[in-house]
Amino acid sequence: MGHTILEKIIALQKKTSNIRNLCILAHVDHGKTTLADCLVASNGIISSRLAGKLRYLDSREDEQIRGITMKSSAISLHYTAGGNEYLINLIDSPGHVDFSSEVSTAVRLCDGAIVVVDAVEGVCPQTQVVLRQAWLENIRPVLVINKIDRLIVELKLTSQEAYTHLQKILEQVNAVTGSLFTSKVLEERAEKDAEAQSSCTESGSGDQVYDWSAGLEETDDSDLYFSPDRGNVVFASAIDGWGFSIHQFAEMYSQKMGIRSSVLLKTLWGDFYLNAKAKKIMKGAQSKGKKPLFVQLVLDNIWSMYDAVVTRRDKEKVEKMVTSLGLKVMSRDLRHSDPKVLLSAICSQWLPVSQAVLSMVCEKLPSPAEISAERVEKLMSVGARRFDSLPEQTQELKKAFLDCSADETAPVIVFVSKMFAVDSKALPQNKQRPLTQEEIAQRREQARQRHAERQAASQSAENPGSADTGGVSTPAALASGDVSDALCAQTEALSVKTAVEENDKEHFVAFARVYSGVIRKGQKVFVLGPKYNPSLALRALPEGCSAADVLPSVPHMALCTVDRLYLLMGRELEELEEVPSGNVLGIGGMEEFILKSATVSTSPACPPFTPLNFEATPIVRVAVEPKHPSEMPKLVRGMRLLNQADPCAEVLIQETGEHVLVTAGEVHLQRCLDDLRERFAKIEISASKPIIPFRETVIRPPKVDMVNEDMGKQQKVAVIHQVKEEQTKYPEGIQVDSTGLVTLTTPNKMATVGVRAIPLPEEVTRLLEDNVELIRTMEQFSLFAWEDKTLDINQKILENIQDFKVKLESNLQGRKWRGAVEHIWAFGPRRCGPNILLNNVEGYRRPSVWQCLEREKETEKAEIRDFDNSIASGFQLATLSGPMCEEPLMGVCFSVETWDMKLSVPLAQKDSIDDDSQAAEPNNDDHSERSDAHKMNASSASSNQSRSRVEVAGGSVDCYGPFSGQLIAAMKEACRYAFQAKPQRLMAAMYTCEIMATAEVLGRVYAVLSKREGRVLQEEMKEGTDMFIIKAVLPVAESFGFADEIRKRTSGLASPQLVFSHWEVISSDPFWVPTTEEEYLHFGEKADSSNQALKYMNAVRRRKGLYVEEKIVEHAEKQRTLSKNK
Ligand SMILES: Nc1nc2c(ncn2[C@@H]2O[C@H](COP(=O)(O)OP(=O)(O)OP(=O)(O)O)[C@@H](O)[C@H]2O)c(=O)[nH]1
Ligand SMILES: [Mg+2]
């Protein structure tokens, strides 16, 4: 990078109002990187001839090979318009679903976005996702409709048809923004209503009618929509290097035709036509069958250009056009055999896409200084916390955000959205730079000296007599000189070696943006983790302290010195001394302090930024191991680095001891494995087949049997009979009645629990899944209440909790569920999963999980029974791994119906016993269950007391271990048996996919789908094209290689993207055996041919090393040997 350009960018970084931070977002393959190439070429970083071919920002080898972007990367560009110089910090993002977390990291650092849409494919699933992401982060989008050349060359549309097609695309995009906007307006309106109601409660609003549309009418949304006349739409063909907004044509024609450009601006897009006779622009082109202005003045020009250059190759016409446009084309291009070369040579001069896009960006997107208060509050208030519940000093920082000032006094606030690995060779400090004039002069001088010395030495060797020493140069002296030379060489070699090793090390650079202040090299800053709590820290730290002081340690806060600052220039980095507010930058030397993302500030009052919105769920997991077991430490180190370098990948060690890598999809998995092999671990590794997750559930007894026949009474009897038979399978001490109630007593006979498993309605399971965050907040509140503290919860979140409760109630109707919502004891597994524990114990009232909603009411204090926690812990354990194949449960409700305790010692004697038990305590220590029980029950002091009570009372109890442990185990077992007493089913993770295919290959797509147990939900034809869009669901278990297979079978015409959507019950019963005649006929005696659930279950059991019941050889009549001469 040239010295002058760097200077220029550094100067521009200080002019906050002239900075634009933006990212390019789109569905996969819509041309983001190609467009970025054109913009990069406008700065002379790459040649304009290579723009679109190089894909400069796709710097990884696999990105180039596969042709898709896999990471977001930034580049700084400058642009001059209307006498103003702008600095554009551009971030290119990937469009493939697997990398959507990279999009989140990019969107957070920007103020605006260029949304690219393919003119042929239109709005695709990822287009909707990225529009939503931009919306959630409150950043402003502009639109580029790309690949217009495809309408001309591929679809062969006329200019009129293309106009209608483009209108449709705009409508589609606006429909998406519209739906986002409406939901927000309605939400805000509801909020306002609630506020108004609470402020004037009894003001006689009896006759008020709820008018839902009122909010929409009041709010001005015209700014939101994309429309060419508003200047936020560019039509482009990035590959051919052209693009325009209607402003450009308005200017052009206003001079030519003498019409004011403001009039043209309003009429160039829309239902207007030119009345040549009256020399007027009239409305109603469509009804009168006239050519709209846009077609006549804009599209026709482009169509005739393509016609002359590409289709007809009419040299004369081309030359005429070129001269009339006043362009210069090299004769080399004119003679080129590929017409596209000539085309892009002409178009990139006539309507350069970079000019159109960059001027739109500078005009329409906000500068960092225009950050809205709403966005700042959103960034600052984490999770359930209210902005106004933050400490005062923290709230004051809002002003710093809004000012975006680069003053000395302004606090430094920086957000790091991801860490990315850089080869140390690529770091500017390790790169060879061109020498400056002074350095060259110095070197020349040194060389001259050396030469002079050598000459002097050779002269003295020729006539030794003249030497000062008297001419005696002993061999020893010579030898010693040699030795020292050799030594020198050796040490040099050594230092080179260490330098090489140092060079091999991965360096991490933080991808960040400054929101306030100036960050400088060598500055001391606080690094705040996502869980940092400013109010706690402010209490712990002395007032007015800075990161340079010696401070007591505070959780989730670290002190660090800014090592290096970089300007991100795509494939290169440039070193900087300081970066002022409003800029995107790279920070070096933070790898010890930041795992994936963090907030960096000079003020301890700074809150951590809200976590990034990740759209993808990591779901594909594989176990990895090194090819040579001795290389395990390298693998572990490599996995740690990978974890840091990827925003979405998760690395963990499973209970089984395997090292597991969890990724968002197949392509992501491949990239992670490649990175691990070649970059982070640098060893050969082998990866297992993807580990497919399942869930276990129970269902209502089915009404039809496996051959779809109504289950007659007779069969029902048979089933009941079977259940009775199974009774004998249960171990001693467990009773199961015909309704599925399981009663189990602890080994010491002190407690008995009765549990029943009930399937939850599907909607309830979905509700639980969708509201994990709320449940977590509720859980946190209960935990605080347990410790007699209160947690301040945001009003909006409280409303959401109330809403959640109402929805649960409306979905849990019927006699069976009466009062169920009030009686919820816990959610599980991990306290927030999609299973419920119900308290149906007669006479036991415990604090409700909805406590946070009842704060004002202050109900009478409910009594918590001793060991309440043990029951809940047993439930957590049972839901974490089910009896079918130790996978988590889902959609199961465990209702505790009886819970009897036989505590024989009256409470009055407690005190004296407590004293005794102190002495008895050490005895328990060697029991293995103790530590377990302790963990589960750490917070319940009361249970400890009662435990000792029981221990002493029971006398012989000791041999069974601590009582709470026994109760946990008993509860877990009871849940498992209750689960088994119901019809059990596996649930499979499902992907949705949208496949675009032409009519010819449709049949083949269906064939692949049905082979892989996929189900087509919808099929429709894309308007204006000959493409079909098929929406389908497909089990994750069958999805590996799906995309490849589809691509191969359709010769690359259809390429699906798989997105995790939901869990689905597999209808077949894994434990089913044929009982009726028809079933024998239909499935055969073994009935193992089509039981998909059994196959899945056994595969999981086998992987986990669990017992698998299967017959290997059934009818071995004849031993088969492989004959050699066959
Ligand atoms: N016909 C035509 N093809 C284009 C145009 N722009 C891009 N392409 C082609 O579309 C393909 C994808 O382009 P990319 O720029 O890699 O797309 P992307 O949006 O960056 O893709 P991801 O980063 O993988 O999401 C390439 O083969 C380009 O040559 C265009 O204007 N017209
Ligand atoms: Mg790309």
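Mentor: Two strands pair if DSSP finds at least two bridges between them, and helices (H or I, at least four residues) and strands (E, at least two) are DSSP runs numbered from the N terminus. This is a predicted model, in which local features need pLDDT of at least 70 and side-chain atom pairs pLDDT 80 or more, while totals for chains, interfaces and linings use all residues. Residues are numbered from 1 along each chain as written, chains are lettered from A and ligands numbered from 1 in written order, and side-chain values use heavy atoms, without hydrogens or water.

Trainee: Which residue in strand 19 does Phe 526 stand opposite?

Mentor: Phe 526 falls within strand 13, which spans residues 524-528, and strand 13 runs antiparallel to strand 19 (residues 598-601), with 3 bridges joining them. Across that pairing, the residue of strand 19 that faces Phe 526 is Ser 601.

Trainee: Over how many bridges do strand 13 and strand 14 pair?

Mentor: Strand 14 covers residues 557-561 and its sense relative to strand 13 is antiparallel, with Lys 524 standing opposite Thr 561. Strand 13 is mostly covered, since 4 of its 5 residues are buried (under 20% relative accessible area with a 1.4 Å probe, protein chains only; over 50% is exposed, and in between is partly exposed). The number of bridges over which strand 13 and strand 14 pair is 5.

Trainee: Which residues coordinate the magnesium ion, ligand 2?

Mentor: A donor is an N, O or S atom within 2.8 Å of the metal (3.2 Å for Na, K and Ca), and sites may look incomplete because water is not among the atoms. For the magnesium ion, the OG1 atoms of two residues are the donors, at 1.9 Å. One of these residues lies in helix 2 (residues 32-41) and the other in the loop between helix 3 (61-66) and strand 2 (73-81), so the pair ties together parts that are 36 residues apart in sequence. Both are buried, and their names are Thr 33 and Thr 69.

Trainee: How many residues apart are Lys 8 and Glu 85?

Mentor: Lys 8 and Glu 85 form a salt bridge (a side-chain nitrogen of Lys or Arg within 4 Å of a carboxyl oxygen of Asp or Glu), with their closest N and O atoms 3.6 Å apart. The pair links distant parts of the chain, Lys 8 being in helix 1 (residues 3-12) and Glu 85 in strand 3 (residues 84-92). Lys 8 is partly exposed at 33% relative accessible area, as is Glu 85 at 28%; the separation along the chain is 77 residues.

Trainee: With which residue do the side chains of Arg 846 meet in a salt bridge?

Mentor: Arg 846 lies in the loop between strand 29 (835-839) and helix 27 (868-880), and its partner lies in helix 27, so the pair ties together parts that are 22 residues apart in sequence. Arg 846 counts as buried at 17% relative accessibility, and the partner does so at 3%. With an N to O distance of 2.7 Å, that partner is Asp 868.

Trainee: How many salt bridges does the structure hold?

Mentor: Among them is the pair of Asp 58 and Arg 55, with closest N and O atoms 2.7 Å apart, and both of these residues are buried. The chain around them has 35 helices and 34 strands, and 48% of its 1126 residues count as buried. The salt bridges in the structure number 45.
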